[in-house]
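Visitor: I would like a close look at a single part of this protein. Please take one helix, go through it slowly, and then show me how the rest of the chain compares in kind.

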Amino acid sequence: MKKNHPFRRVMLASAATVSGIVLLLTLKPSSDPGSAQAAGALPQQTSAAQEAAQGGAAAKDGTFTGDTVQTQYGPVQVRVTVSGGKITKAEALQQPRGGQSDQITGNAIPKLNQEAVAAGPGGSIDAISGASYTSAGYGKSLQSALDKASAGTGTTGGGGAAKAATVTGDAVDTQYGPIQVRITVSGGKITKAATVQQPRGGQSDQITGNAVPKLNKEAVAAGTADIDAISGASYTSAGYKKSLQSALDKVPAAESDKGTATGASSPAPAKSSPAGSAAGSGATGSGATSDGGGTYTGAVVQTEYGPVQVRVTLTDGRITSASAVQAPKGGRSDQVSGDAIPKLNQEAVTAGDGDIDAVSGASYTSAGYKKSLQSALDQAGG
């Protein structure tokens, strides 16, 4: 007769139970809702969390213009329109021009504009193949525009942030000559617009005589640079809009007690139109002080190869910074100006006055530079 062994049965039952548990564990799915996070993958952030992580406030609605970024092939400047926290429009106010740059930017800029809109205020854009310098400059200017959007500054919608002031936009070269716009802003609205410079001579007199008054009227009515081109004056209209925009960009920094704006350019007396005369003929150097400090822009000097215009910053009556607002461009002029202008800027700062030497191989540009530099110093009383 076989004996029962209770202890042995208990041991066998325990072993079976352990085996069953191990088997169940091996059959358990290898992932669960928390496994991705445990493995180091972060959960998707909400839009608010993403915004906080990026360190920026929500972009305000309006139109914002980024800083001008100098690249190896020329300046890039971007303007964006923000609505409902999204970029609804992006465009380049400035881009490298002349020679092969026209082809490169003609291909790259539209793509960059499209990327900026698609990416939105919190996104990033990819460089365009074959246009790395332009892409990098575009990205920097775009970011500065978005920084202004986050801070709610630099809007061009004529908002209350604009102080009463008279400001002069940058001179813009067109195919038929330079154009420069001056506006008066009061209560956040454009109350007056006039041209300091406009294309002149031959048929240009008739075209600008018809177009400029209409553009001035549009600028006052719109309160922004988003105005329509005048039929038959497309180049003048485009230049007018760019200069008008640059004037509007200076309005937030305007000195209300002086009625002038930071960085405002002075008119070129020889090129002033009747409309420009109505705007006044005084110098508009920014932040001018009794000791000759401030920023002053000289007159536009026409040379055989194109216009030259110089802007200087003075501190205690000495030149501390000099730059060319305009310089001859296109073809070989790009190379000549690219070599000469930095040297002339350095000479101006070193000399501290307008008595500088001409740069070898750039005699016309040097002569124009000196004349414009001297006119800027004359404004400062230097």
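Guide: What follows is a walk along the last part of the chain, with some other places after it.

The model is predicted. Its protein chain holds 10 helices and 12 strands. Of the 382 residues in the chain, 41% are buried. The accessible surface comes to about 20,000 Å², and carbon and sulfur atoms account for 53% of that surface. Contacts can also be sorted by how far apart the partners are in sequence. Among contacts between residues at least 6 apart, 53% join residues at least 24 apart.

The part to look at is helix H10, residues 363-380. Start with its length. H10 has 18 residues, and at 1.5 Å a residue it should span 26 Å. The C-alpha atoms at its two ends are 26 Å apart, so the model agrees with the expected span.

Next, which residues of H10 are buried? They are Thr-365, Ser-366, Gly-368, Tyr-369, Ser-372, Leu-373, Ser-375, Ala-376, Leu-377 and Ala-380. A general point helps in reading such a list. An α-helix has 3.6 residues a turn, so residues three or four places apart point the same way. With that in mind, look again at Thr-365, Gly-368, Ser-372, Ser-375 and others among the buried residues.

What covers the buried residues of H10? The cover includes four strands, S9 (294-297), S10 (301-303), S11 (306-315) and S12 (318-326), together with helix H9 (332-351).

Two neighbouring residues of the helix show this in detail. Ser-372 lies in H10. Its relative accessible area is 0%, so Ser-372 is buried. Apart from neighbours within four places in sequence, Ser-372 is in contact with Gly-298, Ala-299, Val-301, Val-308, Gln-309 and Val-310.

Leu-373 is also placed in helix H10. Leu-373 has a relative accessible area of 0%, and therefore counts as buried. Once neighbours within four places are set aside, Leu-373 touches Val-310, Val-312, Ile-319, Ala-348, Asp-353, Gly-354 and Ile-356. Ala-299 is 74 residues from Leu-373 along the chain, yet their C-alpha atoms are separated by 8.2 Å.

Now turn to the strands of the cover. S9 and S11 run antiparallel, and four bridges join them. Within this pairing, Tyr-296 stands opposite Val-312 of S11. Val-312 has already appeared, as one of the contacts of Leu-373. From S9, Gly-294 and Tyr-296 point one way, while Thr-295 and Thr-297 point the other way. All of these residues are buried.

That is the helix and its cover. Elsewhere in the chain, aromatic rings offer another kind of link. The whole structure contains three aromatic pairs. In one of them, the ring centres of Tyr-73 and Tyr-133 are 5.6 Å apart and the planes stand at 70°, so the pair is edge-to-face. Tyr-73 is in the loop between strand S2 (69-71) and strand S3 (74-83), and Tyr-133 is in helix H5 (residues 132-151), so the pair ties together parts 60 residues apart in sequence. Tyr-73 has a relative accessible area of 48% and is partly exposed. Tyr-133, at 43%, is partly exposed as well.

Another pair is formed by Tyr-176 and Tyr-235. Their ring centres are 5.6 Å apart and their planes are at 75°, so this pair is edge-to-face. Tyr-176 sits in the loop between strand S6 (172-174) and strand S7 (177-186), and Tyr-235 in helix H7 (residues 234-250); the pair links distant parts of the chain, 59 residues apart. Tyr-176 is partly exposed at 49% relative accessible area, and Tyr-235 is partly exposed at 42%.

Thr-174 belongs to strand S6. The relative accessible area of Thr-174 is 17%, and the cut-off for buried is under 20%, so Thr-174 counts as buried. A polar atom of its side chain lies 2.5 Å from the backbone oxygen of Gly-177. Beyond its neighbours within four places in sequence, Thr-174 is in contact with Ile-179, Pro-199, Tyr-235 and Gly-239. Tyr-235 is thus a contact of Thr-174 and a ring partner of Tyr-176.

The last stop is Thr-195, in strand S8 (residues 189-197). Thr-195 is buried, at 0% relative accessibility. Its side chain makes a polar contact of 2.7 Å with the side chain of Gln-198. Thr-195 and Tyr-240 are 45 residues apart in sequence, and their C-alpha atoms are 8.3 Å apart in space.

How values were computed
Residues numbered from 1 in each chain as written. Predicted model: local features only at pLDDT ≥ 70, side-chain atom pairs only at ≥ 80, totals over all residues. Heavy atoms only, no water. Buried < 20%, exposed > 50% of the residue type's maximum accessible area, 1.4 Å probe, protein only. Contact = heavy atoms within 4.5 Å. Areas by Shrake-Rupley, 256 points an atom, 1.4 Å probe, with all protein chains shown as cover. Phe/Tyr/Trp six-rings, centres within 6.5 Å; stacked < 30°, edge-to-face > 60°. Expected span 1.5 Å × (residues − 1). Polar contact = N/O pair within 3.5 Å; in protein donor to acceptor, adjacent residues only side chain to side chain. Pairing = 2+ DSSP bridges.
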